[in-house]
Amino acid sequence: MDHDSDENVHRVQITARGAKAAIEINGRRVDPGALSGYTVSHREGEPPQVVLYSGDHVETIFESMARVAVAEVPDPGPAAAVFLAAIDAEELERSALARPDLGTGPHSLTQAMLTQLVEWARGV
């Protein structure tokens, strides 16, 4: 397959320095404020694929022909709702009360519950 003639393949250059990146597509610089990040993936026999995430600003140089797609960062709300709906309130309270870092000040139980939920979400 001749990827150079594929209309979905564009010349991409990424120069990243620390938390900032300069991205050019077909020689035209992408406004850094228009992006929150990007990913580069590559499968043997295919051109690399670059996904640009709209939003903010990423030292590595990547220069190649690649398929370019623009994606939105997924809304975490639905996944969080499913996670929270599966929580056993009694188990959450028991776990929060048993935490060694449970304080005695105002909102300590709420803080312990939130910390417990974060740990469970991370699989800890």
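The exercises below, each with a worked solution, concern helix H3 and the salt bridges of a predicted model.

**Exercise 1. Determine how the span of helix H3 compares with the expected value, and state which of its residues are buried.**

Step 1. Helix H3 runs over residues 108-121 and has 14 residues, and from its first C-alpha to its last it reaches 20 Å. This is close to the 20 Å expected at 1.5 Å a residue.

Step 2. A residue counts as buried when its relative accessible area is under 20%. In H3 the buried residues are Ser108, Ala112, Gln116 and Leu117.

Step 3. The elements that cover these buried residues of H3 include helix H1 (77-85) and helix H2 (89-97).

Step 4. After H3 comes Gly123, which has a positive phi, near 80°.

**Exercise 2. Work out which residues are linked with Arg94 in a network of salt bridges, and how they are placed in helix H2.**

Step 1. Arg94 forms a salt bridge with Glu90, in which the closest N and O atoms are 3.3 Å apart. Both residues, Arg94 and Glu90, belong to helix H2 and stand 4 residues apart, about one turn of the helix.

Step 2. Arg94 also meets Glu91 in a salt bridge between their side chains, at 3.0 Å from N to O. Arg94 and Glu91 likewise both lie in helix H2, here 3 residues apart, which is again about one turn of the helix.

Step 3. Taken together, Glu90, Glu91 and Arg94 are linked in a network of salt bridges.

Step 4. For the accessibility of the three residues, the class between buried and exposed is partly exposed, with exposed meaning over 50%. Arg94 counts as partly exposed because its relative accessibility is 47%, and Glu91 is partly exposed, with a relative accessible area of 32%, whereas Glu90 is exposed, at 54%.

**Exercise 3. Locate the two partners of the salt bridge between Arg99 and Glu119, and decide whether each is buried, partly exposed or exposed.**

Step 1. The structure holds 4 salt bridges. One of the salt bridges joins Arg99 with Glu119, the closest N and O atoms being 3.0 Å apart.

Step 2. This pair links distant parts of the chain, since Arg99 is in the loop between H2 and H3 while Glu119 is in helix H3, the two being 20 residues apart.

Step 3. Arg99 has a relative accessible area of 11% and is therefore buried, whereas Glu119, with a relative accessible area of 26%, is partly exposed.

Step 4. As general background to such pairs, side chains of opposite charge can pair when their charged atoms come close.

Definitions and conventions:
Residues numbered from 1 in each chain as written. Predicted model: local features only at pLDDT ≥ 70, side-chain atom pairs only at ≥ 80, totals over all residues. Heavy atoms only, no water. Expected span 1.5 Å × (residues − 1). Buried < 20%, exposed > 50% of the residue type's maximum accessible area, 1.4 Å probe, protein only. Contact = heavy atoms within 4.5 Å.
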